[in-house]
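Please look over the protein shown here. The walk-through below starts at one residue and then widens to the whole chain.

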Amino acid sequence: MAITQRMDLRQAQSLVMTPQLQQAIKLLELSNQELAAYVEQELEQNPLLERGEDERAMTGEGGEESGRLASLEAMTSDPTPAPAPDRVMDSSEYVQTETLGDDRRSPLDTDYDNLYNTAEDTRAERAVGEGAVSQESGFADNWSGTGSGGGRSDFSDSEFGLEQTLSKPETLREHLERQLYLDIQDPTERMIGLQLIDLVDDAGYVTGDLAQLADRLGCSLAQVEAVLARVQQFDPCGVFARNLAECLALQLKERNRLDPAMQALLDNLELLARHDRHQLMKLCGIDAEDLADMVSEIRALNPKPGASFEQADVQAVVPDIMVWRRQDGSWSIELNAEQLPRLLVNQQYHARILPKTHSKAEKDYLNERLATANWLVKTLHQRATTILKVATEIVRQQEAFFLHGVQHLKPLIRRDIADAIGMHESTVSRVTTNKFMATQRGVFELRYFFTAAIQGSDGQAAHSAEAVRQRIKELIDAEGAADILSDDRLVTILQGQGVDIARRTVAKYRESLRISSSVQRRREKALRSA
């Protein structure tokens, strides 16, 4: 068999994803904030893109149009200079012109006599000019910051900005450092204290190893522990603790309630977590009434003393879809118009600039920007339409949930939605990522409506895993102190209601709800009743 070269003509089909198609797929899974950032970037890069009418009114359409026209005409026109056309100036330009010349016209209706010249005038000179301060009182000299030498004050406007006077919440580190500088004067102890502050986490606990800290600072472990004992007296009470027992002990010591029985209880917190009352009473040498009082005192303490200083910003969820029921019983599903970017393609601007191009590169650039702008507007429209289709089908298939609650949530997978609307399953998966729906029962992520199915006892009906989980929670919440439901009892009850479920599945759902076992719940309710 000889090896030869030859040319063949073959016809084949293949799926090729263009860059525009890849970007369109990526836009489907972007959240509202990510999409807004992407649109802002495109507005900066593409001169043919504009905001919608309502947004253009806020940003000043005339100024943007003039700015874009000036930039493109500079790129496409002749190099000979031409008179600058009249254009609309924004507020920032008016502010700049105020400090350039002697013209007393104030576009912002500002009295120039009330403006401060921070570069030259002192406060005393302004006061004398207004006639508000008498020379005999000496008040002008005090405010001007000039002494016998006539020097300027260290707190001049050029050095002390207004932003430095703004208030802000005090952090835990700032709170501890302020107490450290007030209470500890020795430089060595203050250095150790600063290093200990670096080891404090958001909850107020010391997380590092004191022996390693001593080696790093070149001091003894006894010195570090001595400084630790001093800073443990700082506010909030319980800070600089190395574990939960020490944190609670510091707070009880502050209240003069750290007796031997309470210390024995703190040394056996694991027994308290398991509600093993008999073993605790034996170790502490107390009766049931004293144990109940001690447990009540511990519950009144703060296990995370530093958490109040570290307040994380709460990010509000902005829904993408709004769902409500009309009076006739039908459902209204709409996209949140406030979150949809409104873009326009300025065809007139393109037609105005294109005849002024002088090279093929300039013409190709304008045509490419026009194609990109048209593609982005079309892609955003397709994205909104796809989200609305998926949301409408979810509402149709989960109508019982919207009417009656989570117990009526049906088993649903993304393939069911994809088959119903004629799209691929991966498209539905991208649409339901980081998208939220506002309903009369709250705001839910679209992924919430997709749950696994649990087979029914009759072998035909299927139940949603989320609905079964909710049913387990309701059964446990309704149990009495004398009738604690074990996992086996829960399995029997659910099977009687037509849910074929295993005991390990009930235990898994119970643990996901952060519900303790039947033994722990029995001890908790017995302790509360005592």
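Between which two strands does the loop that holds Thr451 lie? Thr451 sits in the loop between strand E6 (442-445) and strand E7 (453-455). Keep in mind that this is a predicted model.

Is Thr451 buried or exposed? Thr451 has a relative accessible area of 10%. Buried means under 20%, so Thr451 counts as buried. What covers it can be read from its contacts. Leaving out residues up to four places away in sequence, Thr451 touches Leu409, Lys410, Pro411 and Leu412. Thr451 also touches Ser464, Ala465 and Glu466. With Ser464 there is a further link: the two side chains make a polar contact of 2.6 Å.

Now turn to the nonpolar interior. In soluble globular proteins, nonpolar side chains tend to be buried together. Here, the largest nonpolar core has 27 residues. Ile321, Ile417, Met437 and Phe449 have the most contacts inside this core. Several elements give two or more residues to the core. Two are strands: E2 (321-325) and E3 (331-335). The others are helices: H18 (360-397), H19 (399-404), H20 (414-421) and H21 (425-431). Helix H18 gives the most, with six residues.

Take Ile321 as a way into this core. Neighbours within four places in sequence are set aside here. Ile321 is then in contact with Ile333, Glu334 and Leu335. Its contacts also include Ile387 and Ala391. Phe436, Met437, Ala438 and Leu446 complete the list. Apart from the largest core lies another, of 23 residues. Among them are Leu172, Val200, Leu228 and Phe234.

Next, the surface. Leu15, Met17 and Leu21 make a nonpolar surface patch of about 320 Å². Leu21 is found in helix H1 (residues 19-28). How much of Leu21 is accessible? Its relative accessible area is 39%. Buried means under 20% and exposed means over 50%, so Leu21 is classed as partly exposed.

Finally, step back to the whole protein. The protein has 25 helices and eight strands. Of its 530 residues, 36% are buried. About 33300 Å² is exposed, and carbon and sulfur atoms supply 50% of that area. Consider also the contacts between residues at least 6 apart in sequence: 59% of them join residues at least 24 apart.

Definitions and conventions
Residues numbered from 1 in each chain as written. Predicted model: local features only at pLDDT ≥ 70, side-chain atom pairs only at ≥ 80, totals over all residues. Heavy atoms only, no water. Patch = residues over 30% accessible without salt bridge, like charges linked within 9 Å, V, L, I, M, F, W, Y side chains within 5 Å. Areas by Shrake-Rupley, 256 points an atom, 1.4 Å probe, with all protein chains shown as cover. Salt bridge = Lys/Arg side-chain N within 4 Å of Asp/Glu carboxyl O. Helix = DSSP H or I, 4+ residues; strand = E, 2+ residues; numbered from the N terminus. Buried < 20%, exposed > 50% of the residue type's maximum accessible area, 1.4 Å probe, protein only. Contact = heavy atoms within 4.5 Å. Core = buried A, V, L, I, M, F, W, Y, C linked by side-chain atoms within 4.5 Å. Polar contact = N/O pair within 3.5 Å; in protein donor to acceptor, adjacent residues only side chain to side chain.
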